[in-house]
Amino acid sequence: MKPILFNTDMVRAILDGRKTVTRRVVKPQPVWSSCDMRLVWKNVGWWREEWNPIETITWKHTPYRPDDILYVRETWAPFYETMYSDPVIGYRYYSETDEEIKERIPEYLNWFWPGRWSPSIHMPRKAARIFLRVTDVRVERLQDMPPYDIAFEGFRKQKDFIELWNNILKPADRALYGWDANPWVWVIEFERITREEVTPHA
């Protein structure tokens with residue numbers, strides 16, 4: 001099982017069933033003298049789709065592969081029984097509304113929360129509540145995204161996706177990986193699964 005990070009808005013989109021695909025920058029970016037081509041995963045490696053399908057391409061290993069199980073890292077916080085107790089007895093999530101947490105943990109008001117959030121990068125697997133199964137992986141230019149994929153990314157308008165894409169990058173990286181740079185990206189499609197479905201992979 002592998003981790004994958006999402007910001008709060010994208011966590012909400014996954015929970016609402018609006019987000020079923022994500023794009024991540026390929027690092028390092030490939031440098032090819034030939035014309036751009038779409039690549040698809042064929043179990044044993046990356047293949048040129050428009051060219052001879054028997055000819056494989058030497059390629060950096062993808063971060064995720066079809067059938068991989070992922071746990072989502074999101075902004076979170078631990079609960080304790082009292083201010084001075086240990087260990088952790090539960091978790092809360094920044095993307096949750098008060099009503100959602102009340103439904104999930106009716107007794108949470110009797111628990112102690114330190115009052116501060118932990119960043120998603122520090123979330124352990126045991127704290128995760130969202131699990132995904134990778135259904136497809138491919139490589140393409142960022143601007144080659146088909147119009148319908150905007151909705152699968154969890155957005156209504158392309159400009160909103162572009163704004164988020166540029167904003168999540170470090171300022172120094174925008175010239176290389178921003179929308180206008182049109183970088184190569186991993187396109188990772190997934191489906192949400194239950195914790196019970198994860199058990200055989202844990």
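Here is a walk through the protein chain, from the overall picture down to a few single residues. Keep in mind that you're looking at a predicted model.

Let's start with the big picture. The protein chain has six helices and 10 strands. Of its 202 residues, 42% are buried. Now think about who touches whom: among contacts with a separation of 6 or more, 71% are between residues 24 or more positions apart. As for the outside, the protein chain exposes about 11,900 Å², and 51% of that comes from carbon and sulfur atoms.

Now find helix 1, which runs over residues 8-15. Which of its residues are buried? They are M10, V11, A13 and I14. Around the helix axis these residues cover an arc of only 160°, so they sit on the same side of helix 1. There's a handy general rule to remember here: an α-helix has 3.6 residues a turn, so residues three or four places apart point the same way. And what covers the buried residues of helix 1? The cover includes strand 6 (69-73), strand 9 (131-141), helix 4 (158-168) and strand 10 (184-193).

Take a look at the two ends of helix 1 as well. At the N-terminal end, N7 acts as a cap, with a side-chain oxygen 3.3 Å from the backbone nitrogen of D9. After the helix comes G17, whose phi is positive, near 80°.

Helix 4 was part of that cover, so let's go there next. Its buried residues are F161, I162 and W165. Looking down the axis of helix 4, you'd see them fall within an arc of 100°, which means they line one face of the helix. Among the elements that cover these buried residues are strand 2 (21-25), helix 3 (149-152), helix 5 (174-177) and strand 10. Strand 10 is worth a second look, since it also helps cover the buried residues of helix 1.

Helix 4 takes us to the largest pocket, which holds about 590 Å³ of space. There are 19 residues lining this pocket, and the closest to its centre are R23, R24, W165, I168 and L169. Which elements each supply at least two residues of the lining? Strand 2 and helix 4 do. You've already met W165 as one of the buried residues of helix 4.

W165 also touches V185, a residue in strand 10. Is V185 buried or exposed? With a relative accessibility of 0%, V185 counts as buried. Leaving aside residues up to four places away in sequence, V185 touches R23, R24, V25, V26, R138, V139, E140, R141, L142 and W165. Two of the residues closest to the centre of the largest pocket, R23 and R24, are in that list. For a sense of how the chain folds back, compare V185 with T22: they are 163 residues apart in sequence, but 9.7 Å apart in space, C-alpha to C-alpha.

Another name in the list of V185's contacts is E140, which belongs to strand 9. E140 is buried, because its relative accessible area is 5% and the cut-off for buried is under 20%. Its side chain makes a polar contact of 3.3 Å with the side chain of R138.

Next, move to the loop between strand 5 (56-57) and strand 6, where you'll find D67. Its neighbour D68 is in that loop too. Which of the two is buried and which is exposed? D67 is exposed, with a relative accessible area of 56%, while D68, at 18% relative accessibility, counts as buried. Not counting residues up to four places away in sequence, D67 touches R133 and V134. D68 touches K2, P63, L132, R133 and V134 under that condition, and its side chain joins that of K2 through a polar contact of 3.4 Å. D67 and D136 are 69 residues apart in sequence, yet 8.2 Å apart in space, C-alpha to C-alpha.

Finally, a word on backbone angles. Most residues other than glycine have a negative phi. D67 isn't a glycine, but its phi is positive, about 80°. N182 is another residue other than glycine with a positive phi, near 50°. You'll find N182 in the loop between helix 5 and strand 10, and it is buried, with a relative accessible area of 19%.

Note on methods. Residues numbered from 1 in each chain as written. Predicted model: local features only at pLDDT ≥ 70, side-chain atom pairs only at ≥ 80, totals over all residues. Heavy atoms only, no water. Helix = DSSP H or I, 4+ residues; strand = E, 2+ residues; numbered from the N terminus. Buried < 20%, exposed > 50% of the residue type's maximum accessible area, 1.4 Å probe, protein only. Contact = heavy atoms within 4.5 Å. Areas by Shrake-Rupley, 256 points an atom, 1.4 Å probe, with all protein chains shown as cover. Arc of directions from axis to C-beta. Polar contact = N/O pair within 3.5 Å; in protein donor to acceptor, adjacent residues only side chain to side chain. 1 Å grid on protein atoms, 1.4 Å probe; cavity = no way out; pocket = protein on both sides within 12 Å on 5 of 7 lines; lining within 4 Å. Points joined across faces, edges and corners; volume = space filled by probe spheres on them.
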